[in-house]
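Hi,

Here is the structure I said I would pass on. Have a look at it first, and then read on for what turned up.

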Amino acid sequence: MNVPANLKYTNSDEWLFIDGKVATLGVTDYAQDQLSDVVFVEVTVEKGDSIKKNDHVATIESVKAAADVNVPVSGKVLEVNESLPNTPELVNSDPFGKAWMIKFELTDPSELDNLMDAKAYTDYCSTRGH
Amino acid sequence: MFIPHTPSETEEMLKSIGVKSLEDLFTDVPKKYRFPKLDLPAGITEMEAAGELNDYSSSNESAKDLLCFLGAGAYHHYIPAGVDNLLRRGEFYTAYTPYQPEIAQGTLQAIFEFQTLIANLTGMDVSNASHYDGATATAEAGVMAYHHFRGKRPGIILSSAVHPQYREVLCSYLCGYENINIQTIGEDFNVPGNPDDLAAHINKETALVVVQYPDFFGRIFDLTSLAEKVHEEGALLAVVTNPIALGLIKPPGAMGADIVVGEGQPLGIPLSYGGPYLGFFATKKEFVRKIAGRLVGETTDASGKRGYVLTLTAREQHIRRDKATSNICTNQGLLALAATIYLSLVGKSGLKQAANLCYQKAHYAAEILNFIPGFSVLSDAPFFHEFILKCPVPVEEINTHLLEHDILGGYDLGKDCPALTNHMLVCVTEMNSKDDIDYLASVLQEVAHD
């Protein structure tokens with residue numbers, strides 16, 4: 001299971017890449033593996049939207065489940081991955097790269113303290129059943 | 001009745017939901033109603049029961065005994081014998097929901113064909129496996145539109161020329177939604193206006209505009225300019241339609257409809273007592289993940305052979321849970337099958353012929369009824385097989401008189417539109433012969449002279 005060291009993680013399997021005040025959000029390798037073949041992705045926020053911690057920002061549908069993607073920190077949406085809905089399989093093949101979902105500006109960086117680092121997330125995943 | 005839970009399992013379940021005893025689950029039911037005394041007569045034999053039921057049923061007069069000129073949402077059409085014959089085959093008649101595709105290919109293929117026929121007939125990309133009836137299908141259009149805009153557009157515009165019961169059902173479904181604003185346009189008019197009247201009410205708060213085609217009063221309007229206006233404002237257009245009419249007139253899909261719904265009862269399903277009927281729901285490909293109901297898809301099995309399955313099931317609430325947009329995950333399988341058999345038997349040309357017969361006979365009827373002193377046909381638009389007949393006396397009186405002559409008269413429009421008191425909605429189908437229509441005219445003549 002791939003868990004890049006430079007990212008932050010949630011216990012609901014979202015990852016964040018922080019670059020100054022800009023964050024990028026996606027779902028992890030663990031998530032795509034659990035979901036199995038992803039057939040549909042819908043990002044439910046738009047550029048300019050204000051998002052609050054725990055807001056629903058996207059929905060992923062696989063052959064066996066529909067899962068919500070929630071943003072773990074607050075911000076303002078800068079960019080949405082427009083091509084992802086056309087190629088949902090990228091969530092399976094490149095979850096940390098081309099399958100990024102939204103880029104947003106952080107409005108409360110202190111909220112990042114609640115997230116796990118790579119090691120904590122790896123430990124967390126090992127305690128979970130499948 | 002066998003209940004598989006052990007007492008300790010029952011206790012564990014009660015504890016987990018925070019309830020002390022089974023009795024406590026019924027606190028909402030007042031004590032005096034919990035075990036009502038049922039005043040049932042003693043049991044009787046099958047022979048006696050059959051006799052009793054026979055007596056009840058023979059005290060009814062149906063479209064089989066009366067000349068039927070009543071429409072308003074449920075229509076008397078000919079049902080080819082082949083429909084019932086195939087429908088009653090045990091493999092179809094007793095088949096359950098096709099959750100296990102490996103043993104349900106017959107059912108699944110039939111539903112797939114139904115979906116295809118409906119999509120073709122309505123001019124849309126995709127159809128679901130059906131709903132309970134036209135009214136609930138219309139309500140589901142409202143639900144879908146609301147969720148499509150994520151509640152940001154709380155407005156629904158209903159034409160008053162949509163079936164009043166369908167409007168009521170849509171309101172029942174949606175009245176609890178946050179900020180919902182359902183407006184019915186045209187109720188004050190003497191005769192409900194035409195679809196373009198709705199344009200002035202459409203704005204950026206509107207999620208959905210709903211019209212009927214042919215409308216409740218039988219009239220046909222070109223919906224193209226309305227569709228354009230609806231789309232200009234970024235809203236969706238739902239059209240409630242009659243499948244027989246589509247054998248003759250332009251499909252809503254060709255005029256810009258986003259959703260097409262309606263009642264499939266005219267397709268090989270008897271009138272019965274108002275049901276069971278068949279709702280259909282068709283839409284554009286881009287909305288397929290937002291629609292309610294079952295969807296059957298065509299695919300290939302592990303050996304590469306064509307097969308059918310229930311698909312896109314992640315829309316439904318047993319997978320999506322509370323995020324599902326509707327709680328409907330069923331369909332009217334047997335009735336969808338009846339409609340499919342009907343359409344297959346009559347074919348494209350047969351459907352067109354049936355529609356044409358309805359059209360021609362209705363226009364003949366309108367012509368001769370218009371001539372009867374005291375009666376006049378309101379015609380401000382082309383119509384399909386229903387028209388408004390202005391009457392010299394209350395409709396109830398006329399229908400009582402007609403019934404004495406074994407004629408089932410038209411719908412009393414005064415019930416739904418006070419401005420149309422003493423107006424009757426007359427329906428004529430291929431089941432009415434010229435003689436039937438002439439007879440109706442002669443009986444109505446008597447009323448004029450009373």
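How many residues of chain A are in contact with chain B, and how many of chain B with chain A? This is a predicted model, and in it 11 residues of chain A touch seven residues of chain B. Putting the two chains together buries about 850 Å², and carbon and sulfur atoms give 44% of that area.

On the polar side of things, there are three salt bridges between chain A and chain B. The count of residue pairs in polar contact between the two chains, with both residues at pLDDT 80 or more, is three. As for where the chain A side comes from, at least two residues each are supplied by strand S4 (38–43), strand S6 (56–62) and strand S7 (66–70) of chain A. S4(A) gives the largest share, with four residues. Sorted by class, the side of chain A that touches chain B has five nonpolar, two polar and four charged residues.

Two of the salt bridges are worth pulling up in your viewer. One pairs Glu61(A) with Arg289(B), and their closest N and O atoms are 3.2 Å apart. Why does this pair join two chains? Because Glu61(A) sits in strand S6 of chain A, while Arg289(B) is in the loop between strand S8 (279–283) and strand S9 (296–300) of chain B. The other is Glu42(A) with Lys290(B), where the closest N and O atoms are 3.7 Å apart. As background, side chains of opposite charge can pair when their charged atoms come close. Over all chains, the structure holds 14 salt bridges.

Now the pockets, which may be more your thing.

The second largest pocket goes first, as it shares residues with the salt bridge I just mentioned. Its volume is about 650 Å³. Which residues are closest to its centre? Of the 22 lining residues, they are Phe40(A), Glu42(A), His148(B), Arg150(B) and Lys290(B). Glu42(A) and Lys290(B) are also the partners in the 3.7 Å salt bridge. The elements giving two or more residues to this lining are S4 and strand S8 (75–80) of chain A. S4(A) has the largest share here, four residues, and S4(A) also gives the largest share of the side of chain A that touches chain B. By class, the lining splits into nine nonpolar, two polar and 11 charged residues.

The largest pocket has a volume of about 1,200 Å³. It is lined by 37 residues, and those closest to its centre are Ala74(B), Leu271(B), Ser272(B), Gly274(B) and Tyr277(B). Helix H7 (134–148) and helix H8 (164–174) of chain B each put at least two residues into the lining. What is the make-up of that lining by class? It has 19 nonpolar, 13 polar and five charged residues.

There are closed spaces too: five cavities of 30 Å³ or more. The largest cavity has a volume of about 170 Å³. Its lining is made of 19 residues, with Tyr75(B), Gln212(B), Pro214(B), Thr241(B) and Asn242(B) nearest the centre. Strand S5 (206–213), strand S6 (236–241) and strand S7 (259–263) of chain B each give at least two residues to the lining. The classes there are eight nonpolar, eight polar and three charged.

Last, some backbone details in chain B to keep in mind when you set things up:

- Pro214(B), one of the residues nearest the centre of the largest cavity, is joined to Tyr213(B) by a cis peptide bond with omega of about -10 degrees. Pro214(B) lies in the loop between S5 and helix H9 (224–232) of chain B.
- The bond from Gly275(B) to Pro276(B) is also a cis peptide, with omega near 0 degrees. Pro276(B) belongs to the loop between S7 and S8 of chain B.
- Ala72(B) has a positive phi, near 60 degrees, although it is not a glycine. Its place is the loop between strand S1 (67–68) and helix H4 (81–87) of chain B.

That's the tour. Shout if anything is unclear.

Cheers

Notes: Residues numbered from 1 in each chain as written. Chains lettered and ligands numbered in written order. Predicted model: local features only at pLDDT ≥ 70, side-chain atom pairs only at ≥ 80, totals over all residues. Heavy atoms only, no water. Contact = heavy atoms within 4.5 Å. Buried area = accessible area lost by both parts, 1.4 Å probe. Salt bridge = Lys/Arg side-chain N within 4 Å of Asp/Glu carboxyl O. Polar contact = N/O pair within 3.5 Å; in protein donor to acceptor, adjacent residues only side chain to side chain. Nonpolar A, V, L, I, M, F, W, Y, C, P; charged D, E, K, R; others polar. 1 Å grid on protein atoms, 1.4 Å probe; cavity = no way out; pocket = protein on both sides within 12 Å on 5 of 7 lines; lining within 4 Å. Points joined across faces, edges and corners; volume = space filled by probe spheres on them.
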